[in-house]
Amino acid sequence: MRRRGFTLIELLVVIAIIGILIGLLLPAVQKVRAAAARMQCQNNLKQLALAFHNYENTKKELPPAIAGLHNWVPFVLPYIEEGARLQGYDFNVGWWLPPNRAIVIQPLRLVQCPATPNPDRIQDKPEATPPNKTGAVSDYFVTTGVHIDINLSLPASQQFATSTDLRGVLIPNLPTRMAQIGDGASNSILIGECAGREDVWRGQFMTPVNFTSTPKVRARGGAWATTDNPYSIGQRVAWDPAFGPIPGPVRINNSNEWGHCFYSFHSGGANFAFADGAVRFLAESTDLWMLGALVTRSGSEPISPEW
C-alpha cells in the first residue's frame, strides 16, 4: 500500500499559516514584555519611595538630594536591606574615589529600568585631576525643583514667578521635613525617570556619549552615586556651552539631557514616585505647567483633581 505524504503545495501552505500566526503573536509578546518592564520599573520606584519613608521614620526628615560628595542613593540603601552593598563605603571621600570606586562601579538593579537598552552601562567621565568619575548608571533621579528656564517653554500666562518656591521635595545639602512639602505629599514628585544616560537620547534616537567631539555629547548625571544626578527640570540654556542646545520642546520623553525633562523607554509616558509613596504613570501629553507644579514642593499652584 502506498503511503501518502505532503505535497509541496500543502507544505508551503502550512509554512505560510505558521508565518501568519507568528506575525500575529509577536506584537502580543512585545506588548506583554513592555507591560512587564513597566510594572518592574514601577516596583523599583515603589521600593525607593519606601526607602525614603523608612529613612524619614528613623531620622524624622528626608535626606538631602546631595550631601557633600555623595547623592541620596547611599543614604537610603540601608533602609531597604541594601546596606551590605555599602560595606566599606567612606562618606569622607568622593563617591568616585577609593574605596568607594569599587562599590559604585557595580550595577544596582533597583535603580535600573528594565525597559532601558543596555542597562549595565558605565559612566566614565574624564576629570582634570585623575581618576575619572566612573560608576554604574541609574535610570532614576530626584529633581531638586523647577529651573527658571522652564518659562522659555511656557506662555506668559503660565510662567512661574521667580518669587515662587521652585524647590523640589529634596534639595542639595539640607534635609527636608514632611511639613515643608506644602503642596501635599500626594501632589509632589519625589523620583522620576531620566533613563539612558550618559548617552544622549532625543526622541527614540541615541547618540553615544563623547567628551572629545565638538559639540560634546553627554546626558548629565548617569552614575547612581554621582552628585550630578539631582537637578532641576526645564533647563534650556546649556550648563556647559560645549554641549550645545537641546532641540524640541520641554516635555516627557523629548530628551534626557541636563535635566531638560523626564525621559523613559516606556511607550507614551514615564513612571514617577510621589512623596506619599504612590507610583504613577504620567503621559507624554502631560501639560508642562502641570508637570512643573507637581515638581515643586510648596509653590501653592492650583492642582486640578483630574491630573
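What follows is a conversation about a few residues in a predicted model.

Biologist: Why is Arg-121 called buried or exposed, whichever of the two applies?

Modeller: Arg-121 has a relative accessible area of 7%, and since buried means under 20%, Arg-121 is therefore called buried. This residue lies in the loop between α3 (101-104) and β3 (122-125), where Arg-121 touches, among others, Gly-135, Val-137, Gly-196 and Asp-199.

Biologist: What makes the approach of the side chains of Arg-121 and Asp-139 a polar contact?

Modeller: The two side chains are joined at 3.0 Å, and a polar contact asks for a pair of N or O atoms within 3.5 Å, one able to donate a hydrogen and the other to accept it, so the pair qualifies. The side chain of Arg-121 also reaches the backbone oxygen of Pro-117, at 3.3 Å.

Biologist: How do you know which word, buried or exposed, suits Ile-9?

Modeller: Ile-9, whose place is in helix α1 (residues 8-59), has a relative accessible area of 63%, and because exposed means over 50%, the word for Ile-9 is exposed. Together with Val-13, Ile-17, Ile-20, Leu-21 and Leu-24, Ile-9 forms a nonpolar patch on the surface, with about 620 Å² of accessible area.

Biologist: What makes the phi of Ser-300 worth pointing out?

Modeller: Most residues other than glycine have a negative phi, whereas the phi of Ser-300 is positive, near 60°. Ser-300 lies in the segment after α4 (288-295), and with a relative accessible area of 64%, set against the limit of over 50%, Ser-300 is therefore exposed.

Key: Residues are numbered from 1 along each chain as its sequence is written. This is a predicted model: local features need pLDDT of at least 70, side-chain atom pairs count only at pLDDT 80 or more; totals for chains, interfaces and linings use all residues. Side-chain values use heavy atoms; hydrogens and water are left out. Patches are made of residues with over 30% relative accessible area and no salt bridge: like charges are joined within 9 Å, nonpolar side chains (Val, Leu, Ile, Met, Phe, Trp, Tyr) within 5 Å. Accessible areas come from the Shrake-Rupley method with a 1.4 Å probe; for residues, only the protein chains shown count as cover. A salt bridge is a side-chain nitrogen of Lys or Arg within 4 Å of a carboxyl oxygen of Asp or Glu. Helices (H or I, at least four residues) and strands (E, at least two) are DSSP runs, numbered from the N terminus. Buried means under 20% relative accessible area, exposed over 50%, partly exposed in between (1.4 Å probe, protein chains only). Contact means heavy atoms within 4.5 Å. Lists of a residue's contacts leave out its neighbours within four places in sequence.
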